[in-house]
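Colleague: Could you take a close look at the ligand site for me? I'd like to hear what surrounds the ligand, and what the neighbouring parts of the chain are doing.

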Amino acid sequence: MYKVAIIGGGVTGGLIARKLAQLDISMVILERENDVAMGQSKANSGIVHAGFDPVPGTLKAKLNVMGNQMMEQICRELNVKYRKNGALVVGYTDEDIKNIEILYHRGIENGVKDLKVLTREQVFALEKNLSRNIKGALYAPTSAVVCPYELTIHSIGNAMDNGCDLIRNFEVVSINKSDCYTIYSKDGRSIEAEYVINCAGLFSDKIAQMVGDDSFSIVPRAGEYMLLDKEAGDLVEATIFRVPNERGKGVLATKTVDGNILLGPTAVDRDDKTDKKVTAKGLEFIKKRESELFDEIPYNMVITQFTGLRAHGDKGDFIINSPVQKFINVAGIESPGLTSAPAIAEMVYDMLIEGGLEADKKENYNPVRPVVDLHYGQVICRCEEVTRAEIIDAIRRNPGALDVDGVKRRTRSGMGRCQGGFCLPHIVEILSEELGVREEDVTKCGGKSNILLSKLKGGIE
Ligand SMILES: Cc1cc2nc3c(=O)[nH]c(=O)nc-3n(C[C@H](O)[C@H](O)[C@H](O)COP(=O)(O)OP(=O)(O)OC[C@H]3O[C@@H](n4cnc5c(N)ncnc54)[C@H](O)[C@@H]3O)c2cc1C
């Protein structure tokens, strides 16, 4: 029996696991997909928000500001890329400028440091390509960018290096409570745990219902994006927002931590929690809104589009509570959830200790995920300059990649201009060698997503 089972291998589950790995307890992360970071933590804006947007007094406000302050150190320890590029909320009208003043005061109340209201001239001194219609902006220098799936993979890897187990393809379908919790998967497996932490993102309402808690529901709210090649990277340095409205922070533009330009997201509710299609309507909407931010955008440099689904809760705030003994909900963790995740981990740790979890600290706990010194010889992905050694490391290292997308998220191979056109066959070959499976059994993202059907040369088996 495990002491703690965490349902969901996203960034909140990952950072909670990393925090709890300080304790001398047995722990497991249960993830329904073939890899970690497959939910919201895979497809989002990657912004470490400063914290001027959430309503003061909410968990979102408190944990956002705290998480922002913790993030740089955590990224250093976990060897995760982090860039403090700052954020601007730009306004066009007198009404916008009034709202920017309101955001400024809200930010001060939330404890955000170094906020400034900038004049038009000061804005253009920072960002020369912004639309000349802009009248002023709020400037938040503490805003930053990270790679959300890198943070998730490295935090779960670090928890695993400190003794945490990870079970993939374990879709939790029911939970039984007697002396402890018995958690059942769709394919008939089960594990036992004394404590359960529900970090199941879009499905956290379903997990809560399994222990009799139907106090909240989660709606998928789609955010569509366009990603521009790194060559367009000098369009903007900071993250650029419009003044937010009731549906969120609106369409933004940012330079990702890897140097691409990210445009989006939309915010449209969908009926299906797995519906990640990109729509022509969504892309048109992004273009329209972005044309208000910039006079010119090089859309010929778009290399891909994607959709992330927000786990939008019906309570207007993060839902972090314990509806039944030894069971904790970490639900409704939409934006600024990535930023808040380190602080959420602290909060959940305190709740467990205050709730009676007794354990010694591990003497050999290591918060650092070290950089591995690899032999860099053969380049496999030419666009992103990823070597064979890096790909092998991504497969061998906790939590090891089991499929092509897993290698992609860990190394960026296939994320460049050719989107895997050159490197895909080589990655399939390396996965096959490393995992000891046939090339035909290597998948894109688990399940039945096989890439090769059969061999042409050498005969069809
Ligand atoms: C479009 C968009 C933009 C965003 N932008 C930002 C931003 O810029 N900055 C910011 O701070 N935040 C942002 N967010 C919010 C942020 O992405 C989330 O708050 C954060 O990723 C939540 O992480 P999580 O671990 O709670 O959930 P998830 O990452 O969704 O993880 C939940 C995990 O649970 C697994 N799971 C689900 N059901 C089961 C089951 N039955 N059994 C086992 N496993 C299960 C899923 O497969 C998944 O891996 C954005 C979100 C979206 C969608």
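Modeller: Here is a walk through the ligand site, followed by the helix packing and a few backbone details. Keep in mind that this is a predicted model.

Let's start with the shell. There are 38 residues around the ligand, and those that come nearest are Thr 12, Glu 31, Ser 41, Ile 333 and Thr 339. Sorted by class, the shell has 16 nonpolar, 16 polar and six charged residues. Among the elements that each supply at least two residues of this shell are helix 1 (11–20), strand 18 (302–313) and helix 8.

Now for the polar contacts with the backbone. On the ligand's nitrogen side of things, one nitrogen atom sits 2.8 Å from a polar backbone atom of Ile 47. As for oxygen, a ligand oxygen atom is 2.5 Å from a polar backbone atom of Ile 333, and at Glu 334 the distance from a polar backbone atom to a ligand oxygen atom is 3.4 Å. Taken on its own, the ligand has 1000 Å² of accessible area, and the protein covers 97% of that.

Carry on along the chain from Glu 334 and you run into a cis peptide bond between Ser 335 and Pro 336, with omega at about 10 degrees. Pro 336 belongs to the loop between strand 20 (327–331) and helix 8.

Helix 8 itself is worth a stop, since besides supplying shell residues it packs against another helix. Helix 8 (residues 337–354) and helix 2 (residues 59–78) have axes 6 Å apart and pack at an angle of about 95 degrees. An angle from 65 to 115 degrees counts as roughly perpendicular, so helix 2 is roughly perpendicular to helix 8. From helix 2, the contact includes Leu 59, Leu 63, Met 66, Met 70 and Ile 74, while helix 8 brings residues including Leu 338, Thr 339, Pro 342, Ile 344 and Met 347. By class, this contact has 11 nonpolar, five polar and two charged residues. Notice that Thr 339 turns up twice: it is one of the residues nearest the ligand, and it is also part of the contact with helix 2.

A couple of other backbone spots are worth a glance too. A second cis peptide bond joins Gly 264 and Pro 265, with omega at about -5 degrees, and Pro 265 lies in the loop between strand 16 (261–264) and strand 17 (268–269). Then there's Asp 114, a residue other than glycine whose phi is positive, near 65 degrees. You'll find Asp 114 in the loop between helix 3 (94–110) and strand 6 (116–119).

Methods. Residues numbered from 1 in each chain as written. Predicted model: local features only at pLDDT ≥ 70, side-chain atom pairs only at ≥ 80, totals over all residues. Heavy atoms only, no water. Axes fitted to C-alpha atoms, helices over the stretch in contact; angles between N-to-C directions. Helix = DSSP H or I, 4+ residues; strand = E, 2+ residues; numbered from the N terminus. Parallel < 35°, antiparallel > 145°, perpendicular 65-115°, else oblique. Contact = heavy atoms within 4.5 Å. Nonpolar A, V, L, I, M, F, W, Y, C, P; charged D, E, K, R; others polar. Near = heavy atom within 4 Å. Polar contact = N/O pair within 3.5 Å; in protein donor to acceptor, adjacent residues only side chain to side chain. Areas by Shrake-Rupley, 256 points an atom, 1.4 Å probe, with all protein chains shown as cover.
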